[in-house]
Amino acid sequence: MGAHRLFTHKTFKANFALRTVLLVTSTIAGQNCLWVWVRDHRQHHKYSDTDADPHNASRGFFFSHIGWLMVRKHPDVIRGGKLVDMSDLNADPLIMLQKKYYKTWFTIFSIGIPTLVPYYFWNEGLWISFLICFVTRLVTVLNGTWNVNSLAHIYGYRPFSKEILPTENWFVSFIGAGEGWHNYHHSFPWDYRAAEMGQHFNITTLVIDFCAERGWAWGLKAASPAMVKYRATKRGDGSHRVYSKVDDNNNEYAIEDEDYIKLKSEAETIFNEDNNNPMFLKKDDEHEKHMKVIEGIYKLVD
C-alpha cells in the first residue's frame, strides 16, 4: 500500500501520520529501504519484462521470483536505473531518513521488537520467538511479494492488455492482499485500486478507502468505467467477464457516445499528469512509447 500505491505510483495522497505508519510497515517488511524499492518498481514499469527490468519475467519463473536477487544485475538494469527520476523521494526528508538508517530501523522494528515481545510478555523461548516472529514471517511476506513478480507475470488471463506479460491471478491477489490483478495494474498503473473494483478481492483498496473516509488519504485516482471498457474491448484477450470481444448475440461491443466523451477527457488528464510524473520525467525510448499509447487513446476518441 505504501511503497507501491502511494510512494511509487502516487495514486493517492496521505497525511504525515499515515505516511509515517506506512514507512514503518515498509521497514518491517524487510524489502530494502523504500527509496530502493520505489526505484526498482518504477524501473520495472518503465522497462517491464525486458533486460532493463530488474526482475524480468521473460527470463523465467525462478529468475523473476528470487533469482534476480542472487545474480549480478544485467547491464541494462544498471543503465535503466540511472534513468529513473527519484527527485520526489530525494526531496522527502522522511524517505531519506529511512534510507540513511534503514539497517538500524530494520533491526529494531523487524527483528528486535517482534522477537522480544513474545519473549518478555508471555515467556516464549527466545530462539522460537526469533524463528517464528522474524524468520518465518519474513520468508512468508517476501515470497508473497515475489509471487507478484513471477506468478502474476506468467499464469492467468490478460483481459485488459493481451500484448504484455502481467496477468490477472486470483491466487496472488489472495495472498498479496489484492496485488495480483496485475494485468489491470500494468494497464492503469495510476489507479489506486490496482484492480477493477466490484469484481475482485482487494483488501489493500479497502484499507485505502477506509483511510480516505477518515481524511487520512485523499486525491484517489481511478480509471473510469469508460476507459476500462475501451481497454478491455480494444486491447484485451477477450477474457473480461463483461467486456469480452463480443456480446451474447456475437456482436462486437460498441463504445457509446457518452463513453467517448468521458474517455477523451480522462485520456487528456492522464496524458498531462503522466508527462509530469516522476516515473516518466527522464525522457527515453520507453517514456516515448508510453506517451504515444496515452496520446493514441486521446487521438482515437477525438
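The exercises below work through a predicted model of one protein chain.

Residues are numbered from 1 along each chain as its sequence is written. Because the model is predicted, local features need pLDDT of at least 70 and side-chain atom pairs count only at pLDDT 80 or more, while totals for chains, interfaces and linings use all residues; side-chain values use heavy atoms, without hydrogens and water.

**Exercise 1. The chain as a whole**

State how many helices and strands the protein chain has, and what percentage of its residues count as buried.

Solution. Begin with secondary structure: the chain has 15 helices and 2 strands. These are DSSP runs numbered from the N terminus, helices being H or I with at least four residues and strands E with at least two. Next, take burial: 49% of the 302 residues count as buried. Buried means under 20% relative accessible area, exposed over 50%, and partly exposed in between, with a 1.4 Å probe and protein chains only.

**Exercise 2. The setting of Leu6**

Place Leu6 in its element, decide whether it is buried or exposed, and list its contacts beyond four places in sequence.

Solution. Leu6 belongs to helix H1, residues 2–8. Its relative accessibility is 4%, so Leu6 is buried. Outside the neighbours within four places in sequence, Leu6 is in contact (heavy atoms within 4.5 Å) with Met1, Thr11, Phe12, Lys13, Ala14, Arg19 and Leu22. For one of these, Arg19, the C-alpha to C-alpha distance to Leu6 is 8.7 Å, at 13 residues apart in sequence.

**Exercise 3. Two aromatic pairs**

Classify the pairs Tyr102–Phe106 and Phe160–Phe188, and locate each partner.

Solution. Rings of Phe, Tyr and Trp (its six-membered ring) pair if their centres lie within 6.5 Å; planes under 30 degrees apart are stacked, over 60 edge-to-face, and the rest tilted. The whole structure holds 12 aromatic pairs. In the Tyr102–Phe106 pair the ring centres are 5.9 Å apart and the planes at 25 degrees, so this pair is stacked. Both residues lie in helix H8 (residues 102–121), 4 residues apart, which means a separation of about one helical turn. Tyr102 and Phe106 are both buried.

The Phe160–Phe188 pair is edge-to-face, at 6.3 Å centre to centre and 75 degrees between the planes. Phe160 is in the loop between H9 and helix H10 (170–175), and Phe188 in the loop between helix H11 (182–187) and H12, so the pair ties together parts 28 residues apart in sequence. Phe160 is buried, with a relative accessible area of 1%, and Phe188 is buried at 2%.

As a last step, look for linked pairs: Tyr102, Phe106, Trp127, Phe130 and Phe134 are joined into a cluster by ring pairs.

**Exercise 4. Charges over rings**

Which rings have the charged ends of Arg59 and Lys99 sitting over them?

Solution. The test is NZ of Lys or CZ of Arg within 6 Å of the ring centre and within 35 degrees of the ring normal. The charged end of Arg59 sits over the ring of Phe63, 3.9 Å from its centre. For Lys99, the ring is that of Trp35, with the charged end 3.8 Å from the ring centre.

**Exercise 5. Burial in helix H13**

How many residues of helix H13 are buried, and which are they?

Solution. Helix H13 spans residues 225–235 and is mostly covered, with 8 of its 11 residues buried. They are Ala226, Met227, Val228, Lys229, Tyr230, Arg231, Ala232 and Thr233.
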